[in-house]
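Colleague: I'm new to this one, so could you walk me through it? Let's have it on screen.

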Amino acid sequence: MYDAMAYLWMIPVIPFIAGFITFIIGPSLLRSQAHLPCIIAGLISFVLSISALNDVVKAVESNDLSNPSSVSVSYFEWFRTGDPNLVGENIKTAGSLKAEFSLRLDPLSSAMIVMVTFLGTLIAVFSTGYMRDHHGHIDPGYSRFFASVSLFLGSMLILVLADNVLLLYAGWEGVGLCSYLLIGFWFEKPAACNAARKAFLVTRLGDVALFLGFALLWVSSGYRLDFDGLLTLSNYDSGVGLACFLMFLGACGKSAQFPLHVWLPDAMEGPSPVSALIHAATMVTAGVYLLARFMPLFASVPEVQMVVIGIGAFTSLLAALIALTQTDLKRILAYSTMSQLGYMFMALGAGIDVKSALPMLALRAAIFHLLTHAFFKALLFLSAGSVMHSMHDVIDLRRIGGLRKVLPLTHIGFLFGALALAGLPPFAGFWSKDEILSVIHETSKHSNYPWFYILMWATGIFVAFLTAFYTFRAYFLTFWGVLKLPEECHGEVHESPKSMTYPLLLLSVFAIGIGFVLSNSTPLSIEKFLGKTPGYVLLEHHDHDWLTVGFATASGFAGLLLAFVFYGKGGVTLSEHSPGKSNFAVELSKNKFFFDEIYNKLLIAPLNLVFYCSRIFDQYILDGVVDLIAHIPRMIAQLFRPIQNGLVQFYALAMILAVTVFLIALARSM
Amino acid sequence: MNDQSWMTLTNLSLLFGWLAVYFCLPKRISGSSRLIGYGAGFIALIISAVQIFTTYSFNPELVLFCIFSFFAVVGSCLMIVAQNPAHGAICFALTITSTGGIFLLLAAPFVMAANIIVYAGAIIVTFLFLLMLVNQHNADLADSESREPFLASVTGFILMGSMISILTASFSSQLSYGNRNEIELIVNETQQALSITNLSELKAKVINGDNYVVTKLKNALGGSGIWVERIEVDVQKNGTLVINKSDDIVEIKAALTSLVIIGNEYLKYRSLLRPSIAMVGNSGADPSLPLGKIRKDQSGRPAMPADNTTFLGKLLFSDQLIAVELAGLLLLVATIGAIVIVRQLPTKVSS
Amino acid sequence: MLDLKIYLILGAILFCIGLIGFVSRRNMITMFLSAELMLQGVAINFLAFSRFRGNLQGQSFVLFILSVAACEAAIALALIVILYRAKNSLDVSKWQDLREEDLEPNEDQEILLVDTFQIQPMPSLPVAGHRPAKEEDASHV
C-alpha cells in the first residue's frame, strides 16, 4: 500500500475544480489572471504526482513481495444497476453492474501522470504569453481557454489513473470533448469549427469500436470491469481477439492512425499550446497507453498484433511522406506526430508471445518513446507557436525564413527538438527510437513470419531517414538563409516574452537529456522501472542491438545532410515555386495522398445520397401523410368557420334554432 | 272544435302570419311586397278569430281579450317591421297598452299600472334617443334592411308553432297526467298480491276482468308517454308476455315487481315537481293543493284574493322581502353602471 | 269562458314576434324594444298562471321582471350611446369584430333587384326657435 493512495484522488480532481472555478468566475472576476487556477492546480497535481512516483519507485526498488508495486483503491461507488445482492465478485449476469471510482497506481500510470502534469503546467505557463497579443491584451476567450485546459488535464489524469474500463472510458470521452472545445477555440473561424467537428466525429467512430471492445471484454471475462480481472488471461474463454481488435480501432481514432488519421492535421487550427499538449504529448498518446495497459491481452493474439504493427508502420510511412512537401510548419509537425505515433504502435505490435520477454520489451520501448516524444514534440510545437506568435500567425514556410538571428531562443528550442526528433545521438529520440527498432528486430527472430517483421524494421529505418529529412527541411527553411518576413509583421520582429521562452529552454534540456537519463545505462532506467508492472514477465539484461543502432543513426544523419544540401541556404524551396518540376509523387504528397477526397467520394457522397433520399421520404411522404391528416380537421373546420362571423344576431338565431329543434323533439315525444 | 281541426287552423294561421311578417320586414326591395304582407296578416287574424270564436263561448271577457290581443299582436308586428324606429316606438307603446288590458283581464291591476308607468318612461327615453341619434336627413341603411329576414322569420314561426302545438297537446282532453291517488292504490294492491304463493289465487287477484292491473296502471298514468312505454317494455316485453296467459308464477311475479318499481318511480318523480309547503303564505291558494280543491269563484275559476293589490303588497314585503331589497339594489347598481358607462373623458371624445 | 291555454298562446306569440324582431332588425333601438316585447310575453305567461292558480306569486314575479327590465333599459341605452359614439351609427352590423380573423366582414347578401332604390329621408325636427323653412322657399333660394 502506498502512502500516495490517500491523496491520489486529488490529482485528477484538483484540475477539475480549477476548471469549474475558471468557468464560473473567470470571465467576470479573474479576467487577465484567469490562468492562475489552472497553473496552480497543475503545480499541485505535479507535486502530488512526483510524490506518488517517489512512492512507486521506492516500492519497485525494495523488490518486496509484501509491498506490491501496483495498488488500486476504490474511493466511492460510482453507480450500480441490477440486483443489489449480486455485487462485486458475485456478479455473474449481464444485468448487474457495479462501477466504482477506483484509481490505480503502478509504474505505468505513475510515469504517465508525472509527464502529463509536468507538460500541462509548463504549457499553461507558455499559454499565458501565447494567448496575448503583442501589446499584452488577452484573447477574448482567455478564461475559456484555461478552463478547458484544466478540464483536459483532469480528464487525462482520470484516463491514466482509472482502474476500471468505465472510468477509463469516461476520461477518454472527457479528453475528446476538451479536444473539441480547444480545436474550435477560435470558433469565429469556419476552418476551426469544421476542424473541431471533424476531429470529434472521426474520433467518435473509434470510440464506438472502443466501447464495443470494452463491452465484449466485460462479457467474456465473466463480467469484470477492473484491470486486475480483465488482464488475467485465465478469465477468458473466447472473444479476446475481437475485443483487442475493437480496442485497437478505438486507439486508431484517438491516436490518429490510418484510416482514422484525417482529423489530426486539421486539428492544428487550434492554438499552438493546445497542439503541443493535446495533439502531440498527451491525448493522442492515449491510444498507445490503452494498448500498453492491455498488453497481456494483445500479446496473446499475434494476429491482431500483426495488424497493429502493420497499421503503425503504414501510418508512420504515410505521414512521413506527406510531411515531405507540406509548407505549413504546424502541419509538418502534425504529420510528424502521426508518424511517431505510428512508431509507437509498431513497438507495441512487436510484443507477440505472452510467455517470452517480448511484450515487456515492446511495452517499454513504446512507453519510452511516448515519454521522450511528449517532451521533444511539445518543445517543437511550442517553438512553432513562438514563431507563429512573432510572425503574426504566419507559419507558411514559403513566406518566412532566416529567423535564426531575430528569434535566437526559439531557434535553439526548435533546433534541439528537431535533433531529438531526427533521432540523432545523444538526443532523446535516439534512445527511444533505437529501442523500438531493436524490439522489432528481436521479434523477427521469434516470429513465425520473420520476413514480415524484417520488412517492418526496414520501414522503420526508412521512416527514420524521412523524419530527419523533413524535420530539418522545416528547420532550415524557417531559420536559415536570408531573413524573410511576412508583410503582417511590418518589418518588426520581437522575440517572444519570457513566459514563452523559459518553458522552451526548460523543455530543451529535457529534449537533450531525458532519453539518456531514462535509458538502460542509468539507474533511472524506465525499463527496469516498468518491468515491475504486474502481469508482465520480468526481463533479463538486454544488450543494445548494434546493427539497428548503426542503421538508424546513419539514416538520421543521411536525412540531415540531404536536407542541408537541398535547403541549407533557405529561401526558395524545391517544388513549391517551380510547378514545372512537379510530378505525380510530389502532387500525391502535397495533397496528403488525397485521403480527404477519397473519403469524400467513397463514404460521404453515398451517405449524402442516403440522406437526400431520407429527406425526400421524410419531407414529402411522411410529412405529406401527417399534413394530410392535419388537413382533415382543418377542412371540416373550414365548413363551420363562417358561422363565427361576429354578428351577435346570427348567434342568437343559432340559439333559437337549437331551442326550436329541442322543442320539436319534445313535442314529438309527447 | 277538436284538437285536429284546431291545429290545422293554427298551422294555417301561422303560415299566413309568417308570410305577413316576411313580406313586411324591411328589405331593399319592399315596394308592393308590404301590401302582400298586410293581406296575409289580415287572413291570419281572420283565421285566428274564427278559431277563438268557435272554441270559446261568447262572453264579454272573450271580446275584451280579442280586442286587446289584436292590438298587442298587430302592434308588435308593426313594431318589428317598422322602417322608421320612431314609428316602431309608437307601435311598441300600443303593444304595451294592449298587454295592460290583458293584465287587467288576468286580475293584475297593480302589475298593469306598474308596467305602463315603467314602459311609458322607457318609451319616452327611447324617443329622446331616437331624436338624438338617428340621422335626421337620410334614413339609415340599417333601418331599411333586415338581417336574414327569411331565416329569422321561419325560425321564429316554427318556434311559435311548436310552442302552440305543445300547449294544445298539454291541455287536450286526450292527454291527462297521472292520478296520484289511483296510482298509489294500484301499487299497494300489487305489492300485496306479490305475497300470494298460489298461482290461481294470484291470477284472480291481478286479473279480474276489467280489473287487469297492468291496464289499470296504464290508464292511471294517462294512457301514453314514457311511463306507459316503460310498462310496455319492462313488464309486457313488447307484448310477448301477457300475464293472464302465463302459468309460470316466477315470471308473473317478476313482471309484477317491475310494475311496482315503475309505479313507485312515478310517484317519487312527480312528488319532486310539487310546490314546497314553505312557499305558502300571503300569496293566495296553497300551491300544494290539488287543482280541484282550490276555492272557486262563480265562473268556476280559482278565486283570486279579494283585495288583490293589498295582498300583493303583503306578499312582497313579507315572504319576498329579501328579493325586493335585492331588486332595489340591482336598480341602484344599474343606475350607477349606466352613468359610469356613458361618462367619458374629454380626451377620449376628441379622439 | 277563456282558459289558461289561450293566454299562454298569446304570450308565446308575443315572445316569438319579439324574437324575430331581435334577430332580424339591425337598428339597435329596435332590437332593444324587441327584447322588451319578449319580456312582455313572459309576463303574460306568469300572470296567466297566477290567475288560474289563484296565487299571487306570479304577479310578484312579474314585478321583479319589470325591475330587471328597467335595469336592462338603463344599461342598454347607455351602451347604445357608447356604441353610437364609436361608429356614428345605430347599425349593429358595424360591430362584427368577434369574427374569425381571416373572414371578410359580413355584407348584406340580399340581391338588389331594383337599382333605383332610394332611401326616403326621415321627417326631421326643426331647430328650436326658428321658423321652419317651407319646401318651396328652400327651392327658390
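Colleague: Let's begin with chain C. What share of its contacts with a separation of 6 or more comes from residues 24 or more positions apart?

Modeller: Keep in mind that this is a predicted model. Chain C has four helices and zero strands, and along the sequence they read α-α-α-α. Among the contacts in chain C with a separation of 6 or more, the share from residues 24 or more positions apart is 46%.

Colleague: And how many of the 141 residues in chain C are buried, as a percentage?

Modeller: A residue goes into that group if 20 or more other C-beta atoms lie within 10 Å of its own. For the 141 residues in chain C, the buried part comes to 44%.

Colleague: How is the confidence spread over chain C, and which of its elements has the lowest mean pLDDT?

Modeller: The mean pLDDT of chain C is 80, with 76% of its residues at 70 or more. Over residues 111–117 of chain C pLDDT stays under 50, and the model has five contacts beyond four places in sequence for that stretch. Where pLDDT is low, the predicted coordinates should not be read in detail. Of the elements of chain C, the highest mean, 93, belongs to helix α1 (residues 4–24), and the lowest, 52, to helix α4 (residues 135–140) of chain C.

Colleague: What about the complex: which ipTM does the predictor give?

Modeller: There are two scores from the predictor for the complex. Its pTM is 0.59, and its ipTM is 0.79.

Colleague: Which kind of residue, nonpolar, polar or charged, has the highest count on the side of chain B that touches chain C?

Modeller: Here 92 residues of chain B are in contact with 74 residues of chain C. The elements of chain B giving two or more residues to that side are α3 (60–81), α4 (85–105), α5 (109–133), α6 (149–171), α12 (308–318) and α13 (321–342). The residues on it split into ten charged, 22 polar and 60 nonpolar.

Colleague: Let's pick α12(B) out of those. Why do its buried residues line one face of the helix?

Modeller: The buried residues in α12(B) are L312(B), L315(B) and L316(B). Looking down the axis of α12(B), they line one face because they fall within an arc of 95°.

Colleague: What do those buried residues of α12(B) pack against?

Modeller: Start with the face turned away from the buried side of α12(B), which carries the exposed residues T310(B), F317(B) and S318(B). The buried residues of α12(B) pack against α5 and α13 of chain B, together with α3 (57–87) of chain C.

Colleague: How many residues of chain A are in contact with chain C?

Modeller: On the chain C side, the residues that touch chain A divide into six nonpolar, three polar and three charged. Twelve residues of chain C take part, and the number of chain A residues they are in contact with is eleven.

Colleague: On to chain A. Which helix gives the largest share of the largest nonpolar core?

Modeller: Chain A has 24 helices and two strands, and 51% of its 670 residues are buried. The largest nonpolar core has 208 residues, and F375(A) is one of those touching the most other members. The largest share of this core, 22 residues, comes from helix α15 (residues 358–390) of chain A.

Colleague: How many residues are in the other core, the one with A122(B) and C16(C)?

Modeller: That core lies apart from the largest one, and L133(B) and L19(C) are also among its members. Its residue count is 91.

Technical notes. Residues are numbered from 1 along each chain as its sequence is written. Chains are lettered from A and ligands numbered from 1 in the order in which they are written. This is a predicted model: local features need pLDDT of at least 70, side-chain atom pairs count only at pLDDT 80 or more; totals for chains, interfaces and linings use all residues. Two residues are in contact if their C-beta atoms, placed from the backbone, lie within 7 Å. Ala, Val, Leu, Ile, Met, Phe, Trp, Tyr, Cys and Pro count as nonpolar, Asp, Glu, Lys and Arg as charged, and the others, Gly among them, as polar. A residue is buried if 20 or more other C-beta atoms lie within 10 Å of its own, exposed if 12 or fewer, and partly exposed in between; C-beta atoms are placed from the backbone. A nonpolar core is a set of buried Ala, Val, Leu, Ile, Met, Phe, Trp, Tyr and Cys residues joined through C-beta atoms within 7 Å. The arc is that of the directions from the helix axis to the C-beta atoms. pLDDT is the predictor's confidence in each residue, from 0 to 100.
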